[in-house]
Amino acid sequence: MDTLYTGNIPEEYKFARFSDNSIDLFNEQNLENGEVYLYYRIPLYDNCFVYNLEVLNNTEYSTLTEVKTTNNVCYRRDFNNICTIILTFVIFGLFLFNIVTSIVRKGGVLGGLL
């Protein structure tokens, strides 16, 4: 099973209930009938990481799936977008740096590579 990025959600919330558009994380594997539970809902409809803390008044007994969780940023769903934006800014910054230094030296510090 894949690892789920949970950001700053507490580590004990590792039992998941999956739906079409979200993942609900609970801190207990068995949900008893008539109990009230706090849980974190992670929506899956966008490519960024957000979550909500919600309350469940449970009406039926259910057993949840234990998932592997982490707060490592590399597991974010939008990690590839973050890397692409950083790379774009670095290339644009080198280009601007080369333009500014071309005033002092022909071709700039990078010698006309960009």
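A salt bridge is taken here as a side-chain nitrogen of Lys or Arg within 4 Å of a carboxyl oxygen of Asp or Glu. The structure is a predicted model, and the distances and accessibilities below are computed from it.

**Salt bridges**

By this rule the model contains five salt bridges. Three of the pairs are set out in the table.

| Acidic residue | Basic residue | Closest N to O distance |
|---|---|---|
| E66 | K14 | 3.6 Å |
| D24 | R41 | 2.8 Å |
| D78 | R76 | 2.8 Å |

The bridge between E66 and K14 has its closest N and O atoms 3.6 Å apart. E66 belongs to strand β8 (residues 65-66), whereas K14 sits in the loop between β1 (3-5) and β2 (15-18), so this pair ties together parts that are 52 residues apart in sequence. E66 has a relative accessible area of 44% and is therefore partly exposed. K14 is also classed as partly exposed, because its relative accessibility is 30%.

In the second pair, the side chains of D24 and R41 meet with an N to O distance of 2.8 Å. Distant parts of the chain are linked by this contact: D24 is in strand β3 (residues 22-26) and R41 in strand β5, 17 residues apart. D24 counts as buried because its relative accessibility is 3%, under the 20% limit for that class. R41, at 27% relative accessibility, counts as partly exposed. D24 and R41 also take part in a network of salt bridges that links them with R17 and E54.

The third pair joins D78 to R76, with the closest N and O atoms 2.8 Å apart. D78 has a relative accessible area of 9% and is therefore buried, while R76, at 22% relative accessibility, is partly exposed. Such contacts reflect a general principle: side chains of opposite charge can pair when their charged atoms come close.

**Nonpolar surface patch**

Apart from these charged contacts, the surface carries a nonpolar patch formed by V36, L38, L53 and V55. Together these residues present about 370 Å² of accessible area. Strands β5 (36-43) and β6 (52-57) each supply at least two residues of the patch. V36 is located in strand β5. Because its relative accessibility is 52%, V36 counts as exposed, the limit for that class being over 50%. Strand β5 thus holds both V36 of the patch and R41 of the salt bridge with D24.

Technical notes
Residues are numbered from 1 along each chain as its sequence is written. This is a predicted model: local features need pLDDT of at least 70, side-chain atom pairs count only at pLDDT 80 or more; totals for chains, interfaces and linings use all residues. Side-chain values use heavy atoms; hydrogens and water are left out. Patches are made of residues with over 30% relative accessible area and no salt bridge: like charges are joined within 9 Å, nonpolar side chains (Val, Leu, Ile, Met, Phe, Trp, Tyr) within 5 Å. Accessible areas come from the Shrake-Rupley method with a 1.4 Å probe; for residues, only the protein chains shown count as cover. Helices (H or I, at least four residues) and strands (E, at least two) are DSSP runs, numbered from the N terminus. Buried means under 20% relative accessible area, exposed over 50%, partly exposed in between (1.4 Å probe, protein chains only).
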